[in-house]
Amino acid sequence: MTVTSDQWYGEFVVVRRHEGQEYVAELVLDRPKAMNAVSTDMARSLAAACAALGADREVRAVVLTSSHERAFCVGADLKERNSFTDAELVRQRPTARAAYTGVLELPMPTIAAVHGFALGGGFELALACDVIVADATAVVGLPEVSVGVIPGGGGTQLLPRRVGAARAAELVFTARRVEAAEARALGLVDDLVEAGRDREEALALGSRIAANSPVGLRAAKKALRLGHGLDLRAGLEVEDAAWRSVAFSGDRAEGVAAFNEKRRPDWPGE
């Protein structure tokens, strides 16, 4: 797979584009010496990269990956945290939150490619994505209570939305690590692939997604996210509002025309 461009955000985060996948952006965590532990600098860079991706109308899918061979991300940088005073920890909190909400609020579909350890904040970054592709080496978990805190990157809210309240409580309260096969069985990850193939499979999924209307994709994601947890009547109103936002778009006109003309659509993206 040929890299066509790299856009660095600070020292530890890069947005990568590949030949033949011009509508897919690979968001790479690249702090290998610390197994991608999220430091203040890395959090700031991740938020900046997400802001840029969110504003890029050419991007139809984002794949979150890791450059480390044995880890997706091991969570917060506890060595850095250990040096903080209470006041410094308070000041750092908005920066940390911005990294996780940056991924969560990306307007296009997102896929996490997980191998090795995805623990604490690392697993929360994956949970912030729409789909998690994991390989056979993956080990996931939210162990925060074992070090005296709680999941603070969205874990207490995102995990029960995947696996239900009771299962999420058991996983958070025990702080246990879950290996790949069980993680797939419990719904902690969505697709389980052979060792070493998580990134390849996630990028391939990103390409399949990106073949579709960018206007439709963003509206569908918005409806899925906003409608989740609402009662059916309210959820259908959310869906209707999303439908109205795309029904008279250029993408809708092109999609219908392409279907009738038996050709691939050339999405205008508007």
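The paragraphs below go through the strands, a loop contact, the ring contacts and a surface patch of this predicted model.

The N-terminal strands come first. Strand β1 covers residues 3–9 and is joined by six bridges to β2, with the two running antiparallel. Within this pairing, Tyr9 is placed opposite Val13 of β2. The two strands make a hairpin with three residues between them, and Gly10 adopts a positive phi near 70° there.

Strand β2 also pairs with β3, which spans residues 21–29; five bridges link them in the antiparallel sense. Val14 of β2 faces Val28 across this pairing. Here too the connection is a hairpin, in this case with two residues between the strands, and Gly20 in the turn has a positive phi of about 80°.

How many residues of strand β2 are buried? Six of the six residues in 13–18 are, so β2 is largely enclosed by the rest of the structure. Burial here means a relative accessible area under 20%. In a regular strand, side chains alternate between the two faces of the sheet. In β2, Val13, Val15 and Arg17 lie on one side, while Val14, Arg16 and His18 lie on the other. Both of these faces are covered, and the residues named on each are all buried. The buried set therefore includes Arg16, Arg17 and His18 as well as the valines.

A contact far along the chain involves the start of β3. Gln21 and Ala211 are 190 residues apart in the chain, yet their C-alpha atoms are separated by 9.7 Å. Ala211 belongs to the loop that connects α8 (198–210) with α9 (214–227). Its relative accessibility is 40%, so Ala211 counts as partly exposed.

Another sheet is built from four strands. It is open, its order is β5-β7-β9-β10, and its pairing is mixed. Which strands stand at the edges? They are β5 (71–73) and β10 (178–179); each has a single partner strand, so one side of each is left without a neighbour in the sheet. The partner of β5 is β7 (residues 117–119), to which two bridges join it in a parallel arrangement. In that pairing Ala71 stands opposite Phe117.

Beyond β9 (139–141), the loop that leads to α5 (155–163) contains Val149. This residue has 45% relative accessibility and so counts as partly exposed. Together with Leu78 and Val147, Val149 forms a nonpolar patch on the surface, and the three have about 270 Å² of accessible area together.

The remaining contacts involve aromatic rings. Searching the whole structure gives one aromatic pair. The pair consists of Trp243 and Phe248, whose ring centres are 6.4 Å apart and whose planes meet at 70°, so the arrangement is edge-to-face. The cut-off for this class is an angle over 60 degrees. Are the two residues buried or exposed? Trp243 counts as partly exposed because its relative accessibility is 49%, whereas Phe248, at 74%, counts as exposed.

Two arginines are placed over rings. The charged end of Arg31 sits over the ring of Phe12, at 5.1 Å from the ring centre. Arg60 lies over the face of Tyr23, with a distance of 3.5 Å to the ring centre. Tyr23 falls within the residue range of β3, 21–29.

Conventions
Residues numbered from 1 in each chain as written. Heavy atoms only, no water. Phe/Tyr/Trp six-rings, centres within 6.5 Å; stacked < 30°, edge-to-face > 60°. Buried < 20%, exposed > 50% of the residue type's maximum accessible area, 1.4 Å probe, protein only. Lys NZ or Arg CZ within 6 Å of the ring centre and 35° of its normal. Patch = residues over 30% accessible without salt bridge, like charges linked within 9 Å, V, L, I, M, F, W, Y side chains within 5 Å. Areas by Shrake-Rupley, 256 points an atom, 1.4 Å probe, with all protein chains shown as cover. Salt bridge = Lys/Arg side-chain N within 4 Å of Asp/Glu carboxyl O. Pairing = 2+ DSSP bridges.
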